[in-house]
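This report covers a protein model and its ligand. It starts at the ligand and works outward to the domains, the core and one sheet.

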Amino acid sequence: MLKAEATIPTTAGLSYVAAVCARLAQSDFDARAEAGRGRVALVDDLGTGTLEAAPDRLHVRLESRTEQGLSVLKFLLSAQIEEVAAAEHPEVVWSGDGCDSADLPSLREMTVRRVADVTPHVRRITLTGQDLVRFEGDSLHVRLLFPPEGVHPPEWPKPGKNGRPVWPPEDRRPVQRVYTIRRIDASAGELDIDFVLHAAPGIASGWAAGARPGAVIGLMGPGGREVRPAAHVLLAGDETAIPAMARILARLPEDTAGQVLIEVEDEREVQSLAHPAGITLLWLFRRGREPGRNDLLADAVMSAPLPEHGDVFCWLGAEEAIARRIRSYWREEKGLDRARCLAVGYWKHALTLDEGG
Ligand SMILES: Cc1cc2nc3c(=O)[nH]c(=O)nc-3n(C[C@H](O)[C@H](O)[C@H](O)COP(=O)(O)OP(=O)(O)OC[C@H]3O[C@@H](n4cnc5c(N)ncnc54)[C@H](O)[C@@H]3O)c2cc1C
């Protein structure tokens with residue numbers, strides 16, 4: 001078992017324990033506080049954090065089976081403590097396992113091995129790097145780090161004493177974007193990311209459009225937990241969510257029933273996705289309508305039948321406004337609680353001149 005601890009001098013430990021646990025419970029963590037003692041558990045018994053309030057201090061102990069679990073706990077608890085105790089400017093300094101490491105355990109430097117077009121608007125980039133085992137689990141998403149042009153060698157974030165990354169100065173700081181691991185083979189030291197080449201290229205899609213073998217980017221993570229088991233699943237998303245939906249589908253038990261709704265430009269963007277026999281796939285074609293500003297996906301989601309038995313899980317990944325709309329539809333109109341639905345904004349229409357003035 002890996003361990004770390006921190007002591008924060010304060011007389012307000014009791015209220016901090018309660019506040020940290022309440023905030024984490026709200027964000028779907030298993031977190032409970034009682035009589036000045038709090039316990040925060042990561043999923044799958046990956047690790048626990050114990051907070052104990054004494055009259056003059058708050059003591060935090062972390063335990064995890066994995067380096068990753070310990071670093072998540074360090075990050076999570078120092079971020080929460082620093083926020084709830086902001087008025088005191090507490091310094092959370094961890095001691096114990098992994099605290100002397102010069103590199104973030106969540107960071108890998110990756111090199112482009114192959115570039116291939118999956119469809120006219122989806123480019124698959126195979127990245128190679130060392131020690132990828134931690135990226136093989138249930139968490140599908142990673143942060144990709146793109147170094148600014150001209151910064152050679154790239155500069156990556158380093159671990160701070162509080163377990164949170166310390167980033168290079170602004171002019172050398174890599175830009176981050178969230179992507180999904182479409183395929184991973186840790187034993188071969190490689191993974192695939194499918195980049196949507198959207199019409200107004202940003203840092204990530206622009207990089208993917210021009211990427212050549214040998215190019216270097218950073219990878220941080222993994223994170224995210226997407227789907228809870230259910231007899232019936234409804235998955236919906238645009239092309240940015242195809243990698244996540246493909247991986248979710250591949251892991252569903254064979255007897256799962258349900259529907260998948262996928263919005264893409266046209267027939268040329270259709271991909272072959274393995275899925276349980278009881279799940280139907282419906283491709284929705286935009287045919288020139290603007291991505292993220294049409295009703296195709298939302299209308300299809302709102303017309304999708306859900307069984308009466310209630311053993312359902314609904315998931316969506318799409319433009320932020322669509323995700324907001326569907327989240328409130330599922331929660332308020334269909335009465336699904338947080339455990340039964342998840343709608344995530346995968347990208348956001350930028351504040352362009354015509355909107356922002
Ligand atoms: C959990 C998660 C997983 C994701 N997985 C993937 C993935 O596997 N593959 C993938 O391609 N994307 C994925 N995304 C979405 C991706 O992070 C965004 O599309 C991101 O904005 C792309 O960055 P960029 O630098 O290319 O563009 P940005 O600099 O962010 O944006 C530049 C311009 O492009 C517009 N834009 C951004 N994305 C799109 C789009 N998809 N369609 C149309 N216009 C767009 C913006 O509104 C802006 O005007 C994921 C997002 C999340 C939150």
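The model is predicted. In it, 24 residues surround the ligand. Val196, Gly202, Ser205, Trp347 and Ala350 are the closest. Which elements supply at least two residues each to this shell? They are strand 12 (175-185), strand 13 (190-196), helix 3 (203-210) and strand 19. Strand 12 gives the largest share, four residues.

**Domains**

The protein is divided into three domains.

| Domain | Residues |
|---|---|
| Domain 1 | 2-96 |
| Domain 2 | 107-223 |
| Domain 3 | 232-347 |

Between domain 2 and domain 3, the C-alpha centres are 25 Å apart. Domain 2 puts eleven residues into the contact, and domain 3 puts in twelve residues. On the domain 2 side, strand 7 (107-119), strand 12 and strand 13 each supply at least two residues. Strand 12 and strand 13 also each supply at least two residues of the shell around the ligand.

**Cores**

The largest nonpolar core has 60 residues. Leu144, Leu235, Met245, Leu316 and Ile326 touch the most other members. Where does this core lie, and why? Domain 2 (107-223) and domain 3 (232-347) both give residues to the core, so it lies between them. Another core, of 26 residues, lies apart from it. Its members include Val40, Leu42, Leu73 and Leu76.

Take Leu316 as one of the core residues listed above. Leaving out residues up to four places away in sequence, Leu316 touches Ala236, Gly237, Val301, Ala323, Ile326, Ala343 and Val344.

**Strand 18 and its partners**

Is strand 18 (residues 312-319) mostly covered or mostly open? Strand 18 is mostly covered, with eight of its eight residues buried.

Strand 18 pairs with strand 15 (residues 232-238) in the parallel sense, over six bridges. Here Ala236 has Leu316 as its bridge partner. Ala236 is also among the residues that Leu316 touches.

Strand 18 also runs parallel to strand 19 (residues 341-347), and six bridges join the two. Gly317 has Val344, in strand 19, as its bridge partner. How does the chain get from strand 18 to strand 19? The chain passes through helix 6 (residues 320-333). This β-α-β crossover is right-handed.

Strand 19 leads back to the ligand: it supplies at least two residues of the shell.

Terms used: Residues numbered from 1 in each chain as written. Predicted model: local features only at pLDDT ≥ 70, side-chain atom pairs only at ≥ 80, totals over all residues. Core = buried A, V, L, I, M, F, W, Y, C linked by C-beta atoms within 7 Å. Buried ≥ 20, exposed ≤ 12 C-beta atoms within 10 Å, placed from the backbone. Domains from an automatic or database assignment. Contact = placed C-beta atoms within 7 Å. Pairing = 2+ DSSP bridges. Right-handed = clockwise from strand over helix to strand, strands pointing away. Near = placed C-beta within 6 Å.
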